[in-house]
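Me: Please take a close look at a single part of this model, its largest pocket, and explain what surrounds it. I am a first-year student, so please define each term as it arises.

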Amino acid sequence: MVEYRKVLSQKEENMDKQTIAVLGPGSWGTALSQVLNDNGHQVRIWGNIPDQIDEINTQHTNKRYFKDTVLDEKIVAYHDLAEVLKGVDAVLFVVPTKVTRLVAQQVAAVLDHKVVIMHASKGLEPNSHKRLSTILEEEIPEALRSDIVVVSGPSHAEETIVRDITLITAASKDLQVAQYVQTLFSNHYFRLYTNTDVIGVETAGALKNIIAVGAGALHGLGFGDNAKAAIITRGLAEITRLGVKLGANPLTYSGLSGVGDLIVTGTSVHSRNWRAGDALGRGEALADIEANMGMVIEGISTTKAAYELAQELDVYMPITSAIYQVIYKNVNIKDAISELMNNEFKSENEWS
């Protein structure tokens, strides 16, 4: 691995070109691979669907996610995890939350040198309710990795892949490794800001998916902009409430990975969580929504994890609770909204 502290001493245009393994050829993994390739780095994508890997290598497309995008021929996809990790400088996890631990275990079993470990997924592990950086720390020995870097913020893969302007966050307890990742990704259309509040950035990225499901549901029911503003604003309040209870800096939630990500996910048809909520509001069954989406809807499983965590920590999260009741207890969505509107009156700035 090229020492990232040495890399940081150079200007972006003179940065030593790095070899990066991107684990997960989904929409976001593919878009981030293109960003890294645009910066001149050697990009290797790993996945477990043979046809998809073959398509990337032979057709230079990933049509399951991007019908009209042709990838650079220098981006190479791999079936074999040990091969993709051979000699890399950094590893980027972009796999669904529910398999992050399994993939981390597989990486630890074959990785033979120290690398920078990053992740760009958003969620909480089912049952344990742990953040993804915690999972990676537990499963990958410290001798094989840097402090974990979280890459998160307001971003749709559909816009990044066409090189639309995107600003997000690189968060790590080690500021220098966060700066390495900042330099790794940043260019004329994609810019990263550093942060050392890993808890805040990760909880913001995970929990905003729940609020996006709720915002989509309001749209599906026919409510307008007033309701949209209400759920985003009050949703941010309860996200912050839980995050601060876990040790986050409240200021993080007013930044890119907080309110920024919540706005982009809670207002856009590009968001699968918003689309899932919209379909729920229109009366579609959850099983049908998940089957038709073709991609993981992280907000569904995160709702359960966040609800259980809030109960455990005694944190007031009424919107999350209402969405949990609709998804997991078959409560009528209109009844859940009615109950929310008739909750005990509170001051806007109450924290309990």
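Reply: The largest pocket has a volume of about 1200 Å³. A pocket here is an open set of points on a 1 Å grid over the protein atoms alone, where a 1.4 Å probe fits and protein lies on both sides within 12 Å along at least five of seven lines. Grid points are joined across faces, edges and corners, and the volume is the space filled by probe spheres set on the points. The lining comprises 49 residues, and those closest to the centre of the pocket are Val95, Pro96, Arg272, Val296 and Glu298; a lining residue has an atom within 4 Å of a point.

The model is predicted: local features need pLDDT of at least 70, side-chain atom pairs count only at pLDDT 80 or more, and totals for chains, interfaces and linings use all residues. Residues are numbered from 1 along each chain as its sequence is written, and side-chain values use heavy atoms, with hydrogens and water left out.

Several helices give two or more residues to this lining, among them α2 (27–38), α9 (198–221), α12 (272–281) and α14 (298–313). The greatest contribution is that of α5, with six residues. Helices are DSSP runs of H or I with at least four residues, numbered from the N terminus.

By class, the lining has 20 nonpolar, 19 polar and 10 charged residues. Ala, Val, Leu, Ile, Met, Phe, Trp, Tyr, Cys and Pro count as nonpolar, Asp, Glu, Lys and Arg as charged, and the others, Gly among them, as polar.

The pocket also draws on both domains: at least three lining residues come from each of domain 1 (1–196) and domain 2 (200–342). These bounds come from an automatic or database domain assignment. The C-alpha centres of domain 1 and domain 2 lie 26 Å apart. Between the two domains, 28 residues of domain 1 are in contact (heavy atoms within 4.5 Å) with 28 residues of domain 2. The area buried between them is about 2200 Å², of which carbon and sulfur atoms give 61%. Within domain 1, Leu124, His129 and His156 lose the most area to domain 2, together 29% of what that side buries. Buried area is the accessible area (1.4 Å probe) that two parts lose on being put together, summed over both.
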